[in-house]
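Subject: Structure handover

Hello,

Here is the model we talked about, ready for you to open. My notes on what turned up follow below it.

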Amino acid sequence: MFGRQLEREILMALADEGPLSAVDLAGMIDEHPLTVEQACDRLCDQGDIRSVGSRRYELAASGQHQFTDAEPTRSGSGGSDMSGLAD
């Protein structure tokens with residue numbers, strides 16, 4: 001899993017589970033912890049997540065809006081606009 005897909009998985013995990021360590025995120029999405037840490041660094045730089053210490057991360061306000069501002073689909077469930085994530 002690379003780029004946008006990995007970042008999307010991280011954002012979804014943080015939205016669902018709250019603050020998580022890079023190691024816990026890696027286990028949840030079946031990726032190497034170093035790969036997840038690098039993706040988290042990119043997401044922090046973009047302002048979508050923030051570090052809460054000890055390599056733990058939480059969703060920032062700009063990352064949260066990707067889930068709350070999404071318009072419902074025909075089935076009634078909300079979708080996420082992840083078009084701004086880096087590749």
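Does the length of α3 fit its residue count, or not? At 1.5 Å a residue, its 14 residues should span 20 Å, and the end C-alpha atoms are 20 Å apart, so the two values agree. Bear in mind that this is a predicted model.

**Helix α3**

The buried residues of α3 are Val 36, Glu 37, Ala 39, Cys 40 and Leu 43. They sit on the same side of the helix, because they cover an arc of only 165° around the axis. The face turned away from that buried side carries Leu 34 and Asp 45, which are exposed. What covers the buried residues of α3? The cover includes α1, α2 (22-29), β2 and β3. After the helix comes Gly 47, with a positive phi near 85°.

**Helix α2**

Here the buried residues are Ala 22, Leu 25, Ala 26 and Ile 29. Looking down the axis of α2, they fall within an arc of 100°, so they line one face. Val 23 and Gly 27 are exposed on the other side. The cover over the buried residues of α2 includes α1, β1, α3 and β3. Asp 30 comes just after α2 and has a positive phi of about 60°.

**Strands**

Strand β3 covers residues 56-59, and its side chains alternate. Tyr 57 and Leu 59 point to one face and are buried. Arg 56 and Glu 58 point to the other face and are not buried. In general, side chains in a regular strand alternate between the two faces of the sheet.

β3 has pairings with β1 and with β2. Strand β1 (residues 20-21) runs antiparallel to β3 and is joined to it by two bridges. In that pairing, Ser 21 has Arg 56 as its bridge partner. Strand β2 (residues 49-53) also pairs with β3 in the antiparallel sense, over four bridges. There, Ile 49 is partnered by Leu 59. β2 and β3 form a hairpin, with two residues between them. Ser 54, in the turn, has a positive phi of about 55°.

**Salt bridges**

How many salt bridges does the structure hold? There are three. In general, side chains of opposite charge can pair when their charged atoms come close.

- Glu 7 and Arg 42: the closest N and O atoms are 2.8 Å apart. This pair links distant parts of the chain, with Glu 7 in helix α1 (residues 3-17) and Arg 42 in helix α3 (residues 33-46), 35 residues apart. Glu 7 counts as buried, at 0% relative accessibility. Arg 42 is partly exposed, with a relative accessible area of 30%.
- Arg 55 and Glu 37: the closest N and O atoms are 3.5 Å apart. This pair also links distant parts of the chain: Arg 55 lies in the loop between β2 and β3, Glu 37 lies in helix α3, and they are 18 residues apart. Arg 55 counts as exposed, at 55% relative accessibility. Glu 37 is buried, with a relative accessible area of 10%.
- Glu 58 and Arg 50: their side chains meet at 2.5 Å, N to O. Arg 50 is partly exposed, with a relative accessible area of 42%.

Glu 37 thus has two entries in these notes: it is one of the buried residues of α3, and it forms a salt bridge with Arg 55. Glu 58 has two as well: it is on the face of β3 that is not buried, and its side chain meets that of Arg 50 in a salt bridge.

**Cysteines**

A search of the whole structure finds zero disulfides. Why do Cys 40 and Cys 44 not form one? The sulfur of Cys 40 has its closest cysteine sulfur in Cys 44, and the 6.6 Å between them is too far for a bond. The cut-off for a disulfide is a sulfur pair within 2.5 Å. Cys 40 counts as buried, at 0% relative accessibility. Cys 44 is partly exposed, with a relative accessible area of 27%.

Best wishes

Methods. Residues are numbered from 1 along each chain as its sequence is written. This is a predicted model: local features need pLDDT of at least 70, side-chain atom pairs count only at pLDDT 80 or more; totals for chains, interfaces and linings use all residues. Side-chain values use heavy atoms; hydrogens and water are left out. Buried means under 20% relative accessible area, exposed over 50%, partly exposed in between (1.4 Å probe, protein chains only). Two strands pair if DSSP finds at least two bridges between them. A salt bridge is a side-chain nitrogen of Lys or Arg within 4 Å of a carboxyl oxygen of Asp or Glu. The expected span of a helix is 1.5 Å times one less than its number of residues. The arc is that of the directions from the helix axis to the C-beta atoms. Contact means heavy atoms within 4.5 Å.
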